[in-house]
Amino acid sequence: MEILIGKYNYWIYIGLMMIGFYAMVAKKNLVKKVVGMNIFQTAIILFFISTSYKKNATIPIIIKSQEVIEPIQYINPLPHVLMLTAIVVMVSTFGVALAVIVMLYKQYKTLEEDEIIEILKDKK
Amino acid sequence: MGEHSSILVVVISLIASITNVFIALVRKSLCYPFFVFILGICFLLSMDILYTVINFGTVKYKLGGWMPPWGIEYVVDHLNAFVIAIVATISFVVAIYAKESIKKEIAKPRLPYFYSTYLLLVAGLIGIVITGDIFNLFVFLEIASLAGYALIAIGEKRSVLASFNYIIMGTIGACFYLLGVGYIYIITGSLNIADLTRLLPPLYESKVTLAALAFFVIGVAIKIALFPLHRWLPDSYTFAPSAVSAFASATVTKVGIYVLIRISYTLFEPRFLTEITPLSTILVWWATIAIFFGSTIALGQIDFKRTLSYILVAEVGYIVLGVSLGNKEGFIGAVLHILNDAVMIACLFMIAGGLFYRIGRRNLTDFTGLKKYMPITMTAFLVTSLSMIGVPPTAGFFSKWYLILGAIRAEQWISASALIFSSLVNAIIFFKLLEKVYFSKKEAIPKYNFRELPLSMLTPIVLMGLAVLVLGIYSGKIISTVIEFTVPKGF
């Protein structure tokens, strides 16, 4: 029980990731697939941010030259910075994916994967 | 100079890819010379890096003067320098080829953007290889992948769907890699590869390390299209523009394999893969299945580019097999095969593109009677085919020889037979084609406009064909000056 409640953010990360993964694999609609991809990536952001959290810690800014700097008092800023970069990467992936979807729609006039495959089969 | 070349080669191609868009606003005809000029500079810089590394040892560059492990560091040793030289050379050669080939395949107003995206792909690939920081590697991995998705999507009609599938799979791969980075960071608090090499050994027993390794391997396996995860590759490289197929097939998977080597043997020690986890054994079997599968499917294809794509799946299997055999011969064979396969596959895809350029088709049957119309191209095709089969003294023979030696020394008989099986399959495919080209009684269908390719397409093909021979003859020299030093300690 401890491990369920005490680390609930990690369970949410796993849950989100599986939802995203399911959408990417099982959904037929291409936009839903891309949204699933986004959920999948967001889960990773949650994971990284969770790892930087400490109880009763504050933001890593030193106001004045205080007496002693205890690392335990400050949360780790590095995962946040990494995730800023990762968010940029994810947004651009999302953009490219949407652009490709627009191209697909112009070609096939549909966004359902099975219908597209049907059209491709007919052509053959 | 060597120290600064390592950063310049990435920065120049990255900035040039953006500058190119602005040049297009002023004058579209300037884009292509600029594009080739930049890749030429990258080629020279990569040679400078290789020269420096061979003569003076590992090159290190601290970005912004920040001390590692806090700052990002570029570390170039023999393995990096070797792969960078391959990427830069192939990108330059294919760029020369691309001029005529791409004109027929995409609309003229889009050409400058094609050049920009191509430069972005080069920047991403070189960045992956050069960096000494695992998170930085992820960023470059995504830069390269995004450029790759875009380049594939501008190909033939069906390429868009292929590109979409590639996006979905590639993103899963990159995310798994990122998760691996996360787990490594949790347990060590560092992202610098050199630092991690020092920090990780006491933590080998930890479950977190194992989880990180699993995520890394699966993520990279998707990027290099190792058998059951190869689904994106054949469609993408079949329908992409010819120049993109030639460049991407030769470099993207090879760079992925470089990442696999870095993770398995620099980040972790060889004993971690053999004694603590059974990863080496798993990879050997995995690669063996990939070789069998890729070769078998390649037999049944009609489209020449699709045949090549499945052969590429098998070749990826070769290299992964050699890397994971865990002995010196296998490893040397694998690293040598990275070079040889890049040259051979690039040459074959360029020939496929040449055929497509002339007649708008590239099925295996279209090769009938071509020796009359394209004698020079077909000579290059002959040499490269022999190399794919593994006939001495072409390059393909030597790497395969080392791989088989490695498999025998590791007593992996099934893997050794997989290598021989695959060579035989290549022999069937390419002898059938050569028979059509040289001995077929049937005339080529005359309505097609068969002629020798234009000079700017012919030169790269001939260059690569010659390279296959030269690399074969000098393979001993290449091994003793570069590849010997890439073999990890403990082999």
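**Entry 1: A:N56**

I began in the loop between α3 and α4 (78–108) of chain A, where I found A:N56. The model I am reading is a predicted one, and I keep that in mind for every entry below. A:N56 has a positive phi of about 60° although it is not a glycine. I noted this because most residues other than glycine have a negative phi. Is A:N56 buried or exposed? With a relative accessible area of 78%, A:N56 is exposed.

**Entry 2: B:A225**

I then looked up B:A225, which has its place in the loop between α8 (207–223) and α9 of chain B. Phi of B:A225 is near 60°, again a positive value in a residue other than glycine. For the surroundings I checked the accessibility, and B:A225 is buried, with a relative accessible area of 0%.

**Entry 3: cis peptide bonds**

Next I turned to the backbone at two proline pairs of chain B, with the reminder that most peptide bonds are trans. The bond that leads from B:P68 to B:P69 is cis, and its omega is near 5°; B:P69 itself sits in the loop between β1 (59–62) and β2 (73–76) of chain B. The bond from B:P392 to B:P393 is likewise cis, with omega near 5°, and I located B:P393 in the loop between α15 (375–389) and α16 (395–409) of chain B.

**Entry 4: B:N327**

I looked up B:N327 in the loop between α13 (304–324) and α14 of chain B. Its relative accessible area is 5%, and since values under 20% count as buried, I entered B:N327 as buried. Which residues does B:N327 touch, not counting residues up to four places away in sequence? I listed B:G406, B:R409, B:A410 and B:F491.

**Entry 5: α10 against α14 in chain B**

From that loop I went on to helix α14 (residues 328–359) of chain B and its crossing with helix α10 (residues 242–267) of chain B: the two axes come within 7 Å and cross at roughly 165°. The two helices are therefore roughly antiparallel to each other, an angle over 145 degrees being what that term requires. The crossing in which α10(B) passes α14(B) is right-handed. On the side of α10(B), the contact is made by B:S242, B:S245, B:A246, B:S249, B:A250, B:K254, B:I257, B:I261 and B:Y265. On the side of α14(B), the residues are B:F331, B:I338, B:D341, B:A342, B:I345, B:A346, B:F349, B:M350, B:G353 and B:F356. When I sorted the residues of this contact by character, they divided into 13 nonpolar, 4 polar and 2 charged.

**Entry 6: α6 against α9 in chain B**

I compared notes with a second helix pair, helix α6 (residues 159–188) and helix α9 (residues 232–239) of chain B, whose axes come within 8 Å and cross at roughly 140°. Here α6(B) passes α9(B) in a left-handed crossing. Where do the two helices meet? B:S159, B:A162, B:Y166 and B:M169 of α6(B) meet B:W232, B:D235, B:S236 and B:F239 of α9(B), and the residues of this contact divide into 5 nonpolar, 2 polar and 1 charged.

**Entry 7: aromatic pairs**

My last search was for aromatic rings, and over all chains the structure holds 31 aromatic pairs. I looked at A:Y10 and A:F47 in detail: the ring centres are 6.4 Å apart and the planes stand at 75°, so the pair is edge-to-face. A:Y10 lies in helix α2 (residues 8–26) of chain A and A:F47 in helix α3 (residues 30–52) of chain A, so the pair ties together parts that are 37 residues apart in sequence. The two partners differ in accessibility, since A:Y10 is partly exposed at 26% relative accessible area, whereas A:F47 is buried at 2%.

The pair of B:Y118 and B:F247 is stacked, with 4.8 Å centre to centre and 25° between the planes. B:Y118 belongs to helix α4 (residues 111–130) of chain B and B:F247 to helix α10 of chain B, so that the pair links distant parts of the chain, 129 residues apart. I found B:Y118 buried at 0% relative accessibility and B:F247 buried at 1%.

Finally I recorded one aromatic cluster with members from chain A and chain B, formed by A:Y10, A:Y13, A:F21, A:F40, A:F47, A:F48, B:F176, B:Y183 and B:F215.

Conventions: Residues are numbered from 1 along each chain as its sequence is written. Chains are lettered from A and ligands numbered from 1 in the order in which they are written. This is a predicted model: local features need pLDDT of at least 70, side-chain atom pairs count only at pLDDT 80 or more; totals for chains, interfaces and linings use all residues. Side-chain values use heavy atoms; hydrogens and water are left out. Axes are lines fitted to C-alpha atoms, for helices over the stretch in contact, and angles run from 0 to 180 degrees between N-to-C directions. Helices (H or I, at least four residues) and strands (E, at least two) are DSSP runs, numbered from the N terminus. Angles under 35 degrees count as roughly parallel, over 145 as roughly antiparallel, 65 to 115 as roughly perpendicular and the rest as oblique. A crossing is left-handed if the near helix is turned anticlockwise from the far one by less than a right angle, and right-handed if clockwise. Contact means heavy atoms within 4.5 Å. Ala, Val, Leu, Ile, Met, Phe, Trp, Tyr, Cys and Pro count as nonpolar, Asp, Glu, Lys and Arg as charged, and the others, Gly among them, as polar. Rings of Phe, Tyr and Trp (its six-membered ring) pair if their centres lie within 6.5 Å; planes under 30 degrees apart count as stacked, over 60 as edge-to-face and the rest as tilted. Buried means under 20% relative accessible area, exposed over 50%, partly exposed in between (1.4 Å probe, protein chains only).
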